[in-house]
Amino acid sequence: MIKVALNGYGTIGKRVANAIMLQPDMKLIGIAKTSPNYEAFVAQKMGINIYVPQESIKSFDEAGIKVAGNIEDMIKEANIVVDATPNGVGAQYKELYQKFGKNAIFQGGEKANVADVSFSSLCNYNEAIGKKYIRVVSCNTTALLRTICTLNKLSKVEKVRATIVRRAADPKEVKKGPINALVPDPASVPSHHAKDVNSVLKDLDIITMAVIAPTTYMHMHLLNVTLKSQVSKEDVINQFLNTNRFLLVRGKSKVNSTAEIIEVARDLGRIRNDIPEVVIFEDSIYTMGNEVFLMYAVHQESIVVPENIDAIRASLNLASAEDSIKITNTSLNIGKGYLI
Ligand code: NAD
């Protein structure tokens, strides 16, 4: 069993922690928290070891949270650390991971140069095998890369033009907006997502534009992909129906929005209504010669979870891409086909 430590128990960290606990080849040795807030109480209730900065032990004690040790103790005990701290904080922790000679997985909020490789399971697992530091790209980039690399199996992807409608905040983020606006993110083109895709697919011709919308549920991507050869709508539908980590929704099921996708996830009893799969609106798939158009929704809080688990296996050379993806999908109940 690989001993995994989780630094930064927030939106992404708590989900990756849960996922680690479900892996047959991994053990979560603990999580690191800096403030004794409700997330720390939840972790305690779930029986997870909590490590904190040395200077915060007293405040956790006073709040009634049992502490297993300081963050250095946790890192020392681990084989690998998943860093899910806020943007830029992971880079500061890298020194500590290096000091103790530990492999680490970083998140998309870090600059690409924090790691030896930027990672997408369906695109470049092999490139990440044995790499000490891996960066799992952001939620939007993970969805773009999964989609591009899946279409690339149908016919070589020559060009991508994408518009990204971003959720303004995660559901728990009470201090973020916008409330009544659509905000170019930024107005200049391309948005940073194209560059992030290029951190994995270095030579791809891709331009992205992004706008922030007042919603918390999911992102939405509007994609136009030029392939090397002509494909039919049925080819594209079948390609996605046969690939794990994608789900399709049909107009006839009356799932016509991100709100209804989340409602289905709730009705199906998915934990935290998470949908780590890319959810494609089947009716949006349109082909014209060698061009493909489609729209899909991205659950920002959970989409990177399976990639984090695969990145752990790749870093420690525990399994081939095929095996890791299979174990991750099975343990996390990640499917393919139709959402409903
Ligand atoms: P978050 O704010 O929800 O969680 C971060 C956690 O780290 C919090 O629990 C916070 O208390 C803790 N923390 C802060 N400083 C710390 C420190 N010095 N040491 C240890 N813990 C500390 O953030 P998040 O949304 O989970 O984002 C984490 C990373 O994942 C970022 O790189 C982000 O860009 C990336 N990401 C976020 C999303 C998303 O939609 N939320 C999606 C994909 C990737």
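## Around strand E5

Strand E5, helix H5 (residues 89–99) and strand E6 form a right-handed β-α-β unit; right-handed here means that, with the strands pointing away from the viewer, the path from the first strand over the helix to the second runs clockwise. Helices (H or I, at least four residues) and strands (E, at least two) are DSSP runs, numbered from the N terminus.

This is a predicted model, where local features need pLDDT of at least 70, side-chain atom pairs count only at pLDDT 80 or more, and totals for chains, interfaces and linings use all residues. Residues are numbered from 1 along each chain as its sequence is written, and side-chain values use heavy atoms, with hydrogens and water left out.

Now for the neighbours of E5. Strands pair if DSSP finds at least two bridges between them.

| Partner of E5 | Bridges | Direction | Opposite residues |
|---|---|---|---|
| E1 (residues 2–7) | four | parallel | Ala5 and Val81 |
| E6 (residues 103–106) | three | parallel | Val81 and Ala104 |

In a regular strand, side chains alternate between the two faces of the sheet. In E5 (residues 80–83), Ile80 and Val82 point one way, Val81 and Asp83 the other, and all are buried (under 20% relative accessible area, 1.4 Å probe, protein chains only; exposed is over 50%, partly exposed in between).

On to the helix: Gly90, Tyr93, Lys94, Leu96 and Tyr97 of H5 are buried too. Their cover includes E1, helix H4 (71–77), E5, E6 and strand E8 (133–136), with contact meaning heavy atoms within 4.5 Å. Just after H5, Gly101 has a positive phi of about 65°.
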